[in-house]
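Trainee: Hi, have you got a few minutes to go through a structure with me? I'd like to start with one residue and work outwards.
Mentor: Happy to, go ahead and put it up.

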Amino acid sequence: ALERYQPLVVTYWTFVFCGLVSLLFARPAELSLLESPSMLGLSLGLVIFSTVLPYGLYTIGLARVQASQASIAASFEPVVAAVTGIFMFGEAMDLFTFMGIGCVIAGICVLNCRRKSS
């Protein structure tokens, strides 16, 4: 789609259709955000900063980078999420977290070494 349309157009229509489909799974009582202004603000913040902005930036990036490179970079996201949770939110770093981070980094290194030798 990015070869034919602008990245922000793709992002817009993705969220329009995903939003409409997600209404099928929502409970009507949960849709009354106007009753609580703080809940409306939190919901808008979640939508903008955790969903629309990252997806939009990723889509814009895909227009400028090869999909293979973008997928390798995106695979580093769980590492960033784990490290952010550890340092910003005080989550415990256990053996499985450490091993998971190591496996993701090793996988990225293997993919990069394989691409350079080809």
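Trainee: Where is alanine 92 found?
Mentor: Alanine 92 sits in the loop that links helix H4 (77-89) and helix H5 (95-117). Bear in mind that this is a predicted model.

Trainee: Is alanine 92 buried or exposed?
Mentor: Alanine 92 is exposed, because its relative accessible area is 67% and the cut-off for exposed is over 50%.

Trainee: And how far apart in space are alanine 92 and alanine 82?
Mentor: Their C-alpha atoms are 9.8 Å apart, with the two positions 10 residues apart in sequence terms.

Trainee: Let's move into H5. What about isoleucine 101, is that buried or exposed?
Mentor: Isoleucine 101, which belongs to helix H5, is buried: its relative accessible area is 13%, and buried means under 20%.

Trainee: Which residues is isoleucine 101 in contact with, leaving aside its neighbours within four places in sequence?
Mentor: With those neighbours set aside, isoleucine 101 is in contact with Val79, Ala82, Val83 and Met93. You can also look at proline 78: it is 23 residues from isoleucine 101 in sequence, and the C-alpha to C-alpha distance is 7.8 Å.

Trainee: Stepping back, how many helices and strands are there in the chain?
Mentor: The chain has 5 helices and 0 strands, so reading from the N terminus the order is α-α-α-α-α.

Trainee: How much of the chain is buried?
Mentor: Buried residues account for 11% of the 118 residues. The accessible surface of the chain is about 9400 Å², and carbon and sulfur atoms contribute 71% of that.

Trainee: What share of the contacts comes from residues 24 or more positions apart?
Mentor: Such pairs make up 57% of the contacts in the chain that have a separation of 6 or more.

Trainee: Back to the surface. Which residues form a nonpolar patch there?
Mentor: The patch is made of Tyr5, Val9, Tyr12, Trp13, Phe17, Leu20 and Leu23, and together they have about 750 Å² of accessible area. Phenylalanine 17 is one to click on: it lies in helix H1 (residues 7-22) and is exposed, at 52% relative accessible area.

Trainee: What about glutamine 6, where does that lie?
Mentor: Glutamine 6 is in the segment before H1, and it counts as exposed because its relative accessible area is 57%. Its C-alpha atom is separated by 9.4 Å from that of threonine 59, although the two are 53 residues apart along the chain.

Trainee: New topic: cysteines. How many disulfides does the count come to?
Mentor: The count comes to 0 disulfides, where a pair of cysteine sulfur atoms would have to be within 2.5 Å. Cysteine 18 is partly exposed at 45% relative accessibility, while cysteine 103 is exposed at 56%.

Trainee: Last one: what is the mean pLDDT of the chain?
Mentor: The mean pLDDT is 80, and 86% of the residues reach 70 or more. Among the elements, helix H3 (residues 67-74) has the lowest mean pLDDT, 77, and H4 has the highest, 88. Where pLDDT is low, the predicted coordinates should not be read in detail.

Terms used
Residues numbered from 1 in each chain as written. Predicted model: local features only at pLDDT ≥ 70, side-chain atom pairs only at ≥ 80, totals over all residues. Heavy atoms only, no water. Buried < 20%, exposed > 50% of the residue type's maximum accessible area, 1.4 Å probe, protein only. Patch = residues over 30% accessible without salt bridge, like charges linked within 9 Å, V, L, I, M, F, W, Y side chains within 5 Å. Areas by Shrake-Rupley, 256 points an atom, 1.4 Å probe, with all protein chains shown as cover. Salt bridge = Lys/Arg side-chain N within 4 Å of Asp/Glu carboxyl O. Helix = DSSP H or I, 4+ residues; strand = E, 2+ residues; numbered from the N terminus. Contact = heavy atoms within 4.5 Å. pLDDT = per-residue confidence, 0-100.
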